[in-house]
Amino acid sequence: MAEILQISQLGNPVLRRQAQTIENLEDEQLQKLIDNLIHTAQNANGVGIAAPQVAQSYRLLIVASRPSARYPQAPTMEPTAMINPQIIARSNDVVKDWEGCLSIPGIRGLVPRSQAIEIEYTARDGKLHRQELTDFVARIFQHEYDHLDGIVFLDRVENTQELMTEEEYQQQVVKKL
């Protein structure tokens with residue numbers, strides 16, 4: 001049975017490290033970590049999570065978009081584990097939108113991200129995938145991918161005036177949706 005893992009918070013050194021490439025895709029512990037990450041993200045109402053966020057410094061992330069109180073307009077998709085992901089190409093179109101992070105509770109920031117990206121990753125079954133992601137799902141991927149390189153969304157905010165508390169975000173932004 002999947003466990004809910006403790007989410008590392010801003011200030012924990014694991015969030016600022018370059019994550020290690022995963023070599024053994026057949027490792028039983030890797031499959032268990034994937035299940036635990038999915039369960040942890042769902043429990044925390046997250047739309048994605050990266051292994052460093054649960055103190056596991058590996059190049060593994062989950063994209064699990066679905067509507068929630070945190071992201072009411074999110075599209076619904078099956079949680080997808082992406083092992084050793086890479087960004088192959090980025091669109092020239094950059095869009096700013098609000099992001100939060102399970103490792104930085106209570107804060108939102110306007111973050112510029114590529115509107116579309118082409119990615120490559122290995123799925124949990126060992127198959128290599130290459131696909132294009134757009135809009136909100138591309139944003140989730142880029143946010144989680146940053147965690148694999150020791151970057152948090154606060155590093156991408158261009159101006160501290162583009163930060164707000166989660167409470168203000170819910171009142172100012174979500175109410176208008």
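Which pattern does the chain follow when read along the sequence? The answer is α-β-β-β-β-β-β-β-α-β-α. The model shown is predicted.

**View 1. The whole chain, with its three helices and eight strands.** The radius of gyration is 15 Å, close to the 16 Å that the globule rule gives for 177 residues, so the chain is as compact as a globular protein of that length. Along its principal axes, the C-alpha trace spans about 45 × 35 × 30 Å. Take the contacts between residues at least 6 apart in sequence: 67% of them join residues at least 24 apart.

**View 2. Surface and charge of the chain.** Of the 177 residues, 49% count as buried. The accessible surface comes to about 9,100 Å². Carbon and sulfur atoms account for 46% of that surface. The chain carries 17 positive and 24 negative charges. The mean positions of these two sets are 4 Å apart.

**View 3. Helix α2, residues 135-148.** This helix has 14 residues. At 1.5 Å a residue they should span 20 Å, and the end C-alpha atoms are 21 Å apart, which agrees. How many of the 14 residues are buried? The count is 13, so α2 is largely enclosed by the rest of the structure. Just after α2 comes glycine 150, with a positive phi of about 75°.

**View 4. Glutamine 142, a residue of helix α2.** Is glutamine 142 buried or exposed? Its relative accessible area is 3%, under the 20% cut-off, so glutamine 142 is buried. Which residues does it touch, leaving aside neighbours within four places in sequence? Glutamine 142 is in contact with Ile87, Arg90, Arg113, Ser114 and Ile117. One of these, Ile87, falls within strand β3, which runs over 80-90. Arg90 belongs to that strand too.

**View 5. Glutamate 78, in the loop between β2 and β3.** Strand β2 covers 60-63 and strand β3 covers 80-90. Glutamate 78 has 62% relative accessibility; the cut-off is over 50%, so this residue counts as exposed. Glutamine 142, by contrast, is buried.

**View 6. Glutamate 78 and histidine 143 in one frame.** Along the chain, the two residues are 65 residues apart. Their C-alpha atoms are separated by 18 Å. Glutamate 78 sits in the loop between β2 and β3. Histidine 143 falls within the 135-148 range of helix α2.

How values were computed:
Residues are numbered from 1 along each chain as its sequence is written. This is a predicted model: local features need pLDDT of at least 70, side-chain atom pairs count only at pLDDT 80 or more; totals for chains, interfaces and linings use all residues. Side-chain values use heavy atoms; hydrogens and water are left out. Helices (H or I, at least four residues) and strands (E, at least two) are DSSP runs, numbered from the N terminus. The radius of gyration is taken over C-alpha atoms; the globule rule is 2.2 Å times the number of residues to the power 0.38. Buried means under 20% relative accessible area, exposed over 50%, partly exposed in between (1.4 Å probe, protein chains only). Contact means heavy atoms within 4.5 Å. Accessible areas come from the Shrake-Rupley method with a 1.4 Å probe; for residues, only the protein chains shown count as cover. Lys and Arg count as positive and Asp and Glu as negative; His and the chain ends are not counted. The place of a charge is taken as NZ of Lys, CZ of Arg, CG of Asp or CD of Glu. The expected span of a helix is 1.5 Å times one less than its number of residues.
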